[in-house]
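Visitor: I'm new to this, so could you walk me through a protein model and tell me how each label is earned?

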Amino acid sequence: KEFTPDGKLLREITLNLDMPNPQHAVQLTTGQFVLCHGLSSDPVHRVCIVGADGRPIHAYGGPKGAGPGQLDTPQHLAVDKDGFILVADSHNRRVLLLSPTLSYVTEVVSRDQFEEDSGPWWVLLNVDGNRLFVADGNTRVSVFSL
């Protein structure tokens, strides 16, 4: 659902059934949306770019896992000025950088930078300062220079 700042519903986009439990969505400058979905019990964990019809245009991820091309509970997203997407891959305890078409670029924050029992839950990008703020499940915020 998309709302105005004062709470009026602008529109509702119905997602495909293969995108259960969306966790976070960001509207892109193209008018499309990037969203992440997948809870621990879901078989598919992905980041998708969807059109106004709710159908995926690009996707990254698939079956839950920690290998190449896999995510485990993607929790939150941030988008930079060039359309690159940062993904808080919570249960894999890492933050990934994906291209505007959702190709893997790099791991921006690795699992060894988080405590053993906590991964990233939220990400915020300060574009002007080239800083990434990452909040974890233990109420800690870390700041990384990009």
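Guide: Let's start with the sheet. This is a predicted model, and in it four strands form an open sheet in the order S7-S8-S9-S10, with antiparallel pairing.

Visitor: What makes S7 and S10 the edges of that sheet?

Guide: Count the partners. Strand S7 (74-79) and strand S10 (104-109) each have a single partner strand, so one side of each has no neighbour in the sheet. As for the twist, neighbouring strands here are turned by 25 degrees against each other on average, if you ignore direction.

Visitor: How do you know that S9 and S10 pair?

Guide: Two strands count as paired once there are at least two bridges between them. S9 and S10 have four bridges, in the antiparallel sense, so by that cut-off they pair. One of the bridges involves Leu-96, whose partner in S10 is Glu-107.

Visitor: And what holds strands of a sheet together in general?

Guide: Backbone hydrogen bonds, with the strands running either parallel or antiparallel.

Visitor: Which residues touch the most other members of the largest nonpolar core?

Guide: That core has 13 residues, and the ones touching the most other members are Val-34, Val-47, Leu-77, Ile-85, Leu-98 and Leu-102. Strands S4 (33-37), S5 (44-50), S8 (85-89) and S9 (94-98) each give two or more residues to this core. There's also a second, separate core of 12 residues, including Ala-78, Leu-86, Val-109 and Val-134.

Visitor: What is Leu-102 in contact with, beyond its neighbours in sequence?

Guide: Leaving out residues within four places, Leu-102 is in contact with Val-47, Cys-48, Ile-49, His-58, Ala-59, Tyr-60 and Ile-85.

Visitor: Why is Cys-36 called buried?

Guide: Buried means under 20% relative accessible area. Cys-36 has 0%, so the label fits. Cys-48 also comes out at 0%, so it counts as buried too.

Visitor: How do you know that Cys-36 is in no disulfide?

Guide: A disulfide is a covalent bond between the sulfur atoms of two cysteines. To be counted, the two sulfur atoms must be within 2.5 Å. For Cys-36, the nearest cysteine sulfur is that of Cys-48, and it is 9.5 Å away. Seen from Cys-48, the nearest cysteine sulfur is that of Cys-36, again 9.5 Å away. That fails the cut-off, so neither cysteine is in a disulfide. The total count comes to zero disulfides.

Visitor: Why is Arg-140 called partly exposed?

Guide: Partly exposed lies between buried, under 20%, and exposed, over 50%. Arg-140 has 28% relative accessibility, so it lands in between. You'll find Arg-140 in the loop between strand S12 (131-136) and strand S13 (141-145). Not counting residues up to four places away in sequence, Arg-140 touches Gln-113, Phe-114, Glu-115, Val-134 and Ala-135. Its C-alpha atom is separated by 9.7 Å from that of Ser-118, 22 residues apart along the chain.

Visitor: Zooming out, how many helices and strands are there?

Guide: Zero helices and 13 strands in the protein chain.

Visitor: What makes the chain as compact as a globular protein of that length?

Guide: Its radius of gyration is 15 Å, and the globule rule gives 15 Å for 146 residues; the two values are close, so the chain is as compact as a globular protein of that length. The C-alpha atoms fill a box of roughly 40 × 35 × 25 Å along the principal axes. Of the 146 residues, 38% count as buried.

Methods: Residues are numbered from 1 along each chain as its sequence is written. This is a predicted model: local features need pLDDT of at least 70, side-chain atom pairs count only at pLDDT 80 or more; totals for chains, interfaces and linings use all residues. Side-chain values use heavy atoms; hydrogens and water are left out. A nonpolar core is a set of buried Ala, Val, Leu, Ile, Met, Phe, Trp, Tyr and Cys residues joined through side-chain atoms within 4.5 Å. Buried means under 20% relative accessible area, exposed over 50%, partly exposed in between (1.4 Å probe, protein chains only). Contact means heavy atoms within 4.5 Å. Axes are lines fitted to C-alpha atoms, for helices over the stretch in contact, and angles run from 0 to 180 degrees between N-to-C directions. The radius of gyration is taken over C-alpha atoms; the globule rule is 2.2 Å times the number of residues to the power 0.38.
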